[in-house]
Amino acid sequence: MDIKDIKLEDVKDLNMDKGLLLVNYRKYKDFILPLTVIFVSVAILVFVLIPQANQYLSQRGQLDTENQKLTLLKNNYNFLSNLDQPTLDSQLGTLSKVLPPDKDFVGIVTAITTVSSKTGVSIGDFSFVVGNLSNNSNGSNSSPNIEVQLTLKGDPKSISTFLLELYKTAPVVEIKKVQVGAQGSTISVLFYYKPYPPQNVGDASPVIPLTASDNKLLGDFSSWNNITQQAQSLFPNLNLNQSTPGSINSSGSASSTSPQPGGTTSPF
Amino acid sequence: MNDINLVSGRSLDIEKQAKRLKLLRIFAILSLLIVALVSIFFFIFTVSLPINSVKQNEQQTLSNISGLHKRLASYVLIKDRLTSIQSLIQKRTNYPQVVNTIISMVDPQLTVQSFDIEAGSITITITGGSLTPINQFINDMLNLANNGKLIKNLSIQSLSFSGAVNKYTLVMQSDLL
């Protein structure tokens, strides 16, 4: 609209509106301040207090989480403080004999000869099925094994005792096949081993105490035929330094990744 | 005499408006107070949350634990070994127990000619000069099967007599539980 188009009536209307506005302002001016205060209060409630409440609740949640973490850490600390390093080393040593971290040929041969001498069963030929010598199962949950075929000489009763004793001997074994005959007996035994898991233990991970069954098992192992130390004296001419995979027999030589006579590989 | 209205309509309006204004003012002051109080309440509670002290404690405990890291690592390895060994022991075959139980049931008058266990199946061949201990052995094996201990079934594959050696030969087969 151009200024030339504004008529006198319009100007009058404008003046009238202004007057009306002024009248209304004078009439309600006392209401303006309380209404503004209420409006501002509501605005503070919506834009400040509600986010502040949310922040408070989230901080409260964070505090709960941190408290739980702190309790866990304190429990871990108390638990670990009460552990004795030499006892742990001894337990780990025992368990590493029961389930070696690598192919423990010394342990296997010693276990067989010890059980043999204990039960009066004489060992004929034996052969190892070694398989892959690289530790490709590292970190997995599976327990690889070495299969050993044994020829035994003895009556069925002593063979039975031999088998029972073998199940109470380190390393842990599983008998897959038993053939008892008049000429002799043949058994197929799996000797288990398992590489140590990767050392990525977080300090904040929960430490679960050993259960009663864990403690019982640890106690049971102390009575097992666990005689790795005697290996060299029983087999003074046993050559354990060859690295060719394949079959091993009692009159030949054994092969291993890195067997440590008289002990186990340290994980540290 | 007619009633005379001393209060004009305009005065009533003013009074009504004054009342409204008063209420509005009270409401405004109350809302301002509530907002202020709530704001102070949240401020105090947020400030008083001991997150920093808890975090400091955590750091302190963590630094204490780091001194025990070797113990932690040993313990974790022990736990891992125990879990693995337990699982192996639980799932391995109970052949030694089976062999021992069955061999102990064989009468001294009998001879175990062969005894094979593989893939959950047993085959046993025994010989003897008399049928009585053979019968006893069969009964004992049947009891094992009936009681659901170690074996789940039993079948006699053959019972023969050899006149040359004057001996009976029994061949039995059974499946393990």
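**Chains A and B: loops, buried residues and interface**

Biologist: Between which two strands of chain B does the loop that holds Asn166(B) lie?

Modeller: Asn166(B) is placed in a loop of chain B, and its phi is positive, about 60°, although it is not a glycine. Helices (H or I, at least four residues) and strands (E, at least two) are DSSP runs, numbered from the N terminus. The flanking strands are E3 and E4 (167-175).

Biologist: What kind of model is this, and which pLDDT do local features need?

Modeller: Residues are numbered from 1 along each chain as its sequence is written, chains are lettered from A and ligands numbered from 1 in the order in which they are written, and side-chain values use heavy atoms, with hydrogens and water left out. The model is predicted: totals for chains, interfaces and linings use all residues, side-chain atom pairs count only at pLDDT 80 or more, and local features need a pLDDT of at least 70.

Biologist: Is Leu150(B) buried or exposed?

Modeller: Leu150(B) lies in the loop between helix H5 (131-146) and strand E3 (155-162) of chain B. Its phi is positive, about 65°, although it is not a glycine. The classes are buried under 20% relative accessible area, exposed over 50% and partly exposed in between (1.4 Å probe, protein chains only). Because its relative accessibility is 19%, Leu150(B) counts as buried.

Biologist: How many residues of chain A are in contact with chain B?

Modeller: Contact means heavy atoms within 4.5 Å. On the side of chain B, 66 residues take part. Their partners in chain A number 80 residues.

Biologist: What area do the two chains bury between them?

Modeller: Buried area is the accessible area (1.4 Å probe) that two parts lose on being put together, summed over both. Carbon and sulfur atoms account for 70% of it here, and the total is about 7000 Å².

Biologist: Which residues of chain B lose the most area to chain A?

Modeller: Three residues together make up 11% of what the side of chain B buries. They are Tyr75(B), Arg81(B) and Arg92(B).

Biologist: With which residue of chain A does Asp80(B) form a salt bridge?

Modeller: A salt bridge is a side-chain nitrogen of Lys or Arg within 4 Å of a carboxyl oxygen of Asp or Glu. The count between chain B and chain A is 3. For Asp80(B), the N to O distance is 3.4 Å, and the partner is Lys194(A).

Biologist: Which element supplies the largest share of the side of chain B that touches chain A?

Modeller: Elements that each supply at least two residues to this side include helix H1 (9-48), helix H3 (69-91) and strand E1 (110-118) of chain B. The largest share, 20 residues, comes from H3(B).

Biologist: Which residue of E1(B) is the bridge partner of Val178(A)?

Modeller: Two strands pair if DSSP finds at least two bridges between them. Strand E3 (residues 173-180) of chain A and E1(B) run antiparallel and are joined by 4 bridges. The partner of Val178(A) is Ile117(B).

Biologist: What separates the C-alpha atoms of Ile103(B) and Phe115(B)?

Modeller: Ile103(B), in helix H4 of chain B, counts as buried because its relative accessibility is 7%. Leaving aside residues up to four places away in sequence, Ile103(B) touches Pro156(A), Lys157(A), Ser160(A), Val112(B) and Phe115(B). Ile103(B) and Phe115(B) are 12 residues apart along the chain, and their C-alpha atoms are separated by 9.2 Å.

Biologist: Which residue does a cis peptide bond join to Ala170(A)?

Modeller: The omega of this bond is about -5°. The partner is found in the loop between helix H4 (156-166) and E3 of chain A, and it is Pro171(A).
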